[in-house]
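Biologist: I am new to this structure and would love a close look at the place where the ligand sits. Could you take me there step by step, starting from the strands and helices?

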Amino acid sequence: MARAIYPGSFDPVTKGHLDIIRRASKMFDNLTVAVLNNSDKSPLFSVDERVKMLKEVCADIPNVKVDTFSGLTIDYAKKCDTDVIIRGLRAITDFEYELQMAQTNRKLMPSVDTVFLTTSLEYAYLSSSIVREVASYGGDIHEFVTEGVAARMREKFSTN
Ligand code: ADP
């Protein structure tokens with residue numbers, strides 16, 4: 001059974017992430033979207049909030065589940081019994097870092113491969129950090145995230 005994981009911060013999940021999730025879910029029998037619990041970063045949304053939003057936006061995709069992990073992605077991949085890590089590529093700036101990560105992971109665990117999906121052009125500019133910035137100034141984010149996520153962001157910034 002072909003399985004893959006799609007790891008990331010998803011702070012918050014954007015329409016760009018969702019596009020990658022939908023496309024990857026058609027390529028594999030099972031896809032796990034894995035939220036990295038990274039204690040070094042100070043995220044806008046807690047891991048629980050990010051998982052909740054991901055579960056909502058993926059609710060109509062039956063072969064996708066949402067999980068969390070900490071530590072190395074390849075260790076998590078092994079734990080899930082998968083040899084495929086999905087990553088999205090937007091621009092040349094993503095490429096350098098992603099190539100380095102993929103090659104490091106191959107060194108650490110040669111059986112694990114990274115599969116890159118290139119962004120759909122309409123989302124090529126989109127990142128969670130841009131969405132956070134626009135939302136923090138009260139800008140309109142409905143093109144970038146689903147309505148549920150936009151509502152949570154408005155709530156976050158109205159209480160901050
Ligand atoms: P990280 O903090 O690990 O970069 P992100 O949550 O930002 O995690 O993104 C997870 C993955 O989704 C990364 O591979 C990233 O390149 C990809 N991604 C993010 N935004 C987009 C987008 N608009 N189009 C395609 N891929 C994207």
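**From the strands to the ligand**

Modeller: Happy to! In this predicted model, strand β2 (residues 30-36) lies parallel to strand β3 (residues 64-69), and six bridges pair the two. To find one of these bridges, look for Ala 34, whose partner in β3 is Asp 67. Between the two strands the chain passes through helix α2 (residues 47-57), and this β-α-β crossover is right-handed.

Now move along the chain to another pair of strands. Strand β4 (residues 84-89) and strand β5 (residues 113-118) also run parallel, joined by six bridges. Two of the partnerships are easy to pick out: Ile 85 is matched with Thr 114 of β5, and Gly 88 is matched with Leu 117 of β5. With helix α4 (residues 92-108), these two strands form a β-α-β unit that is right-handed.

Keep Gly 88 in view, for this residue leads us to the ligand. There are 17 residues around the ligand, and Gly 88 is among those that come nearest, together with Tyr 6, Ser 9, Phe 10 and Tyr 123. A polar backbone atom of Gly 88 is 2.6 Å from an oxygen atom of the ligand. So much for the oxygen; what about nitrogen? The backbone of Tyr 123 has an N or O atom 2.9 Å from a nitrogen atom of the ligand. The side chain of Thr 119 likewise places an N or O atom 3.0 Å from a ligand nitrogen atom.

How much of the ligand's accessible area does the protein cover? On its own the ligand has 550 Å² of accessible area, and the protein covers 88% of this. The ligand takes up the space of the largest pocket. Four elements each give two or more residues to the shell around the ligand: β1 (3-8), α1 (15-27), β4 and α4. Two of these, β4 and α4, you have already met in the right-handed unit with β5.

Let us finish with the loop between β1 and α1, which is where Phe 10 is found. You may remember Phe 10 as one of the residues that come nearest to the ligand. Its backbone deserves a glance too: phi of Phe 10 is near 50°, a positive value in a residue that is not glycine. Pro 12 belongs to this loop between β1 and α1 as well. The peptide bond that joins Asp 11 to Pro 12 is cis, with omega at about 0°.

Technical notes. Residues are numbered from 1 along each chain as its sequence is written. This is a predicted model: local features need pLDDT of at least 70, side-chain atom pairs count only at pLDDT 80 or more; totals for chains, interfaces and linings use all residues. Side-chain values use heavy atoms; hydrogens and water are left out. Two strands pair if DSSP finds at least two bridges between them. A crossover is right-handed if, with the strands pointing away from the viewer, the path from the first strand over the helix to the second runs clockwise. A residue is near a molecule or strand if one of its heavy atoms lies within 4 Å of it. A polar contact is a pair of N or O atoms within 3.5 Å; within protein, one must be able to donate a hydrogen and the other to accept it, and residues adjacent in sequence count only if both atoms are side-chain atoms. Accessible areas come from the Shrake-Rupley method with a 1.4 Å probe; for residues, only the protein chains shown count as cover. On a 1 Å grid over the protein atoms alone, a cavity is a set of points where a 1.4 Å probe fits but cannot get out, and a pocket is an open set with protein on both sides within 12 Å along at least five of seven lines; lining residues have an atom within 4 Å of a point. A molecule sits in a cavity or pocket if more than half of its atoms lie within 2 Å of its grid points.
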